[in-house]
Amino acid sequence: MSPNDRRVVPLPLLSHRPASRSSVTCTYRCGNACAHDAPNTSDNSCFGDVVESVLSRRTALKAGGALALALGGATALTGTAADVPAPQRGAVPGTDFTAVAPNTEDRVVTAEGYQHQVVIRWGDPVLPGAPEFDPANQTAEAQEQQFGYNNDFAELVPLDSAGRRNLLVVNHEYTTESHMFPGYDEDDPTEEQVRTAWAAHGLSVVEVERVRGGGLRVRPSRYNRRITATTPFELRGPAAGSDHLKTSADPTGTRVLGTLGNCAGSLTPWGTVLSGEENVDQYFAGADAVTDPVAQERLARYGFSGSSSTRKWERFDRRWDLAREPNEANRFGWVVEIDPHDPSSTPVKHTALGRFKHEGAAVQVAEDGRVVAYSGDDERFDYLYKFVSRGTVKRGQSAHARRHNMTLLDDGTLYVAKFTGNSPDSEIDGTGRLPSDGAFDGTGEWIPLASGDESFVPGFTAEEVYVFTRLAADAVGATKMDRPEDIQPNPVNGRIYCALTNNSDRGASGSAGPDEANPRVGNKHGHVLEIDDDATGTTFRWGLLLVCGDPDDPGTFFAGFDKSRVSPISCPDNVAFDRHGNLWISTDGNALGSNDGLFAVPVAGPERGFVKQFLTVPTGAETCGPVVRDDLVTVCVQHPGELDGASADHPASHWPDGGASLPRPSVVAVWREDGGEIGRR
């Protein structure tokens, strides 16, 4: 079989079933957010209400042409099937591998010709002298020295020019106590279990080196570090010291203990790591005891509710009880920055980037040297944001340059996105079928919210904008999106890519209906957004690169590529890029009946939209935090075996150790058996 013959074989599908996310995952990761009404009850306009009139040109011009005319002749973002010729040569460099078939195996399955290994697992040593992992007798003292639980984002920070030594920085998003502690009683956890969970949150930093044969090995190192739910952090930026951030333990409003819900993140151009605090509402109790109507509205908009928390942390520290410490909640939900090069440094929470359920944040440097940070608010019907710094970046990787650049995210302008489609309302019917111009696309506006001490939102002070950003964005009419998650700039083409995971409430009674940027009702498979942004300006163009799901479903779209040839993909979550500019997508909650995985897709040329699955993760697991290097890919395997009915006493998976072992969230490295470049034959 020739290479070209091989590529025309249709990729296999499994039968459909509802999304694979278990209720136990929903409980411990986000406090069953999707089981409750979406916190955004604003009456912001939908696309159909704000469509600009370009329809008179429709009979003569395609949307791409009209868009190009409107924006100075720029190339349209999306293409139709007619625009995409059949590939004439080999696969795009970086994506030339045989796609992995959908499966439900309790192991990591990689593309043919690739090997993989577990780099580090929950409970493995991070600090010198860390005790051996003993899941039957785990303690807080031990966990503070060991790799944390439920790893999500990961990054490799180079320590040498050859890339042989790196710092592996990993988020630990949440804990699943029922799967961690044998005999766990969710109604009556012990103090040791609670304190162990605090220590299992946060981040880990470990030095790793490449080994002969292709994998990674953890090294003892002065850089190795654990950051937990009790590590001191500095609050910086325009809201630092605000009355809304002051507590009895911190009357200055500038110091906070710990970080929680750390989901996605990014490596900054100056060598630090950004991490987004996401589902922080679930950790707090006492919301129902708050009687002030303004405070009630603010708490409700951020999803805080109920009298007790799932984990019962409030029994062991008053700061988790809103009835006693109403401002403690406001000290979480920020973008965190850590300097992995300095293990003695104090991590920072940047208030200038706003407070919401940050999936993560990613930075690019504009032509004038200012930095632009993009972030998505991972909630049904919430928004996309960007921040543009006032200062400019100092070049180089010195400690002096790094200290300067770490101040850039403390002073600038915070914006929220408003999208406008360019198709008639009647053509956005909620099925996901393309409008007559052959693309879901349009233009957009960045609406300023605040800059420094100046608010641009009537009725809000600048401090209120930063601390209660969701409410400020509601007030200016931002566009409600389908759970905007990871958002990253492509280093090759400069465009911005955002994963919108799903939104089962789109079009439901009382909820926003479909619009051109969120074109399906009951959107269970999600889509991927592509933005051509004026980085420091206030306008952008956008298009949907992928409308995910079963390729046989007419309501899916793969940038116009032949759908009979693509891998099925559902619930995009994290995004990354290889050096060729190909987009790599990890998934969370595959609603097509197979395990989650990692996928590669070219974003340019004749194979634009050709989605191919590179690997799958074990039963019950989610694929997180992909890192793609020339000859190495790493992924975080989060919550393996996290299925309903399973527990530490009755595990549903024994990955990665086998036998009768508990499943352990882990970082996995993948490389070619022959040592060659990823995705090239």
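Guide: Buried means under 20% relative accessible area, exposed means over 50%, and partly exposed lies in between (1.4 Å probe, protein chains only).

Visitor: Why is Asp482 called buried?
Guide: Asp482 has a relative accessibility of 0%, which is under the cut-off, so Asp482 counts as buried.

Visitor: What kind of model is this, and how are its residues numbered?
Guide: This is a predicted model, in which local features need pLDDT of at least 70, side-chain atom pairs count only at pLDDT 80 or more, and totals for chains, interfaces and linings use all residues. Residues are numbered from 1 along each chain as its sequence is written, and side-chain values use heavy atoms, with hydrogens and water left out.

Visitor: What is the mean pLDDT of the protein chain?
Guide: The mean is 90, and 90% of the residues reach 70 or more; pLDDT is the predictor's confidence in each residue, from 0 to 100. Over residues 46-76 the pLDDT is below 50, although this stretch has 53 contacts in the model beyond near neighbours in sequence; contact means heavy atoms within 4.5 Å. Residues 78-89 also have pLDDT below 50, with 28 such contacts. Where pLDDT is low, the predicted coordinates should not be read in detail.

Visitor: What makes the link between Arg506 and Asp482 a salt bridge?
Guide: A salt bridge is a side-chain nitrogen of Lys or Arg within 4 Å of a carboxyl oxygen of Asp or Glu. The side chains of Arg506 and Asp482 meet at 2.7 Å, N to O, which satisfies that limit. Arg506 lies in the loop between β23 (496-500) and β24 and Asp482 in strand β21, so the pair ties together parts that are 24 residues apart in sequence. Helices (H or I, at least four residues) and strands (E, at least two) are DSSP runs, numbered from the N terminus.

Visitor: Why is Arg506 counted as buried?
Guide: The relative accessible area of Arg506 is 1%, so Arg506 falls under the cut-off.

Visitor: Which residues do salt bridges that share partners join into one network?
Guide: The network holds Asp281, Arg301, Lys357, Asp377, Glu379, Asp382, Arg470 and Asp474.

Visitor: How many salt bridges does the structure hold?
Guide: The structure holds 48 salt bridges. One of them joins Arg298 to Glu464, with their closest N and O atoms 3.3 Å apart. Arg298 is in helix α8 and Glu464 in helix α10 (residues 462-467), so this pair ties together parts 166 residues apart in sequence. Both Arg298 and Glu464 are buried.

Visitor: How do you know that Lys386 and Asp533 form a salt bridge?
Guide: The N to O distance between their side chains is 3.1 Å, which is within the limit. The pair links distant parts of the chain: Lys386 belongs to strand β17 (residues 384-392), Asp533 to strand β24 (residues 527-533), and they are 147 residues apart. Both Lys386 and Asp533 are buried.

Visitor: Why does Lys480 count as buried?
Guide: The relative accessibility of Lys480 is 11%, so Lys480 meets the definition. Lys480 lies in the loop between α11 (469-475) and β21 (481-482). Not counting residues up to four places away in sequence, Lys480 touches ten residues' worth of neighbours that include Asn40, Phe381, Tyr383, Arg506 and Asp515.

Visitor: Why is Asn330 called buried?
Guide: Asn330 has a relative accessible area of 7%, so Asn330 too is under the cut-off. Asn330 is found in the loop between α8 (293-301) and β12. Leaving aside neighbours within four places in sequence, Asn330 is in contact with His244, Leu245, Arg355, Val467 and Phe468.

Visitor: What makes β11 and β12 a pair?
Guide: Two strands pair if DSSP finds at least two bridges between them. Strand β11 (residues 273-277) and β12 have four bridges, in the antiparallel sense, which satisfies the definition. Val273 has Ile338 as its bridge partner in β12. Three bridges join β12 to strand β13 (residues 348-350), also antiparallel, and there Glu337 has Val348 as its partner.

Visitor: Which way do the residues of β12 point?
Guide: In β12 (residues 335-338), Val335 and Glu337 point one way and Val336 and Ile338 the other way, and all are buried.

Visitor: What makes β2 and β31 edge strands?
Guide: Four strands form an open sheet in the order β2-β33-β32-β31, with antiparallel pairing. In this sheet β2 (114-121) and β31 (622-629) each pair on one side only. Six bridges join β31 to strand β32 (residues 632-638), and Val628 stands opposite Val633 in β32.
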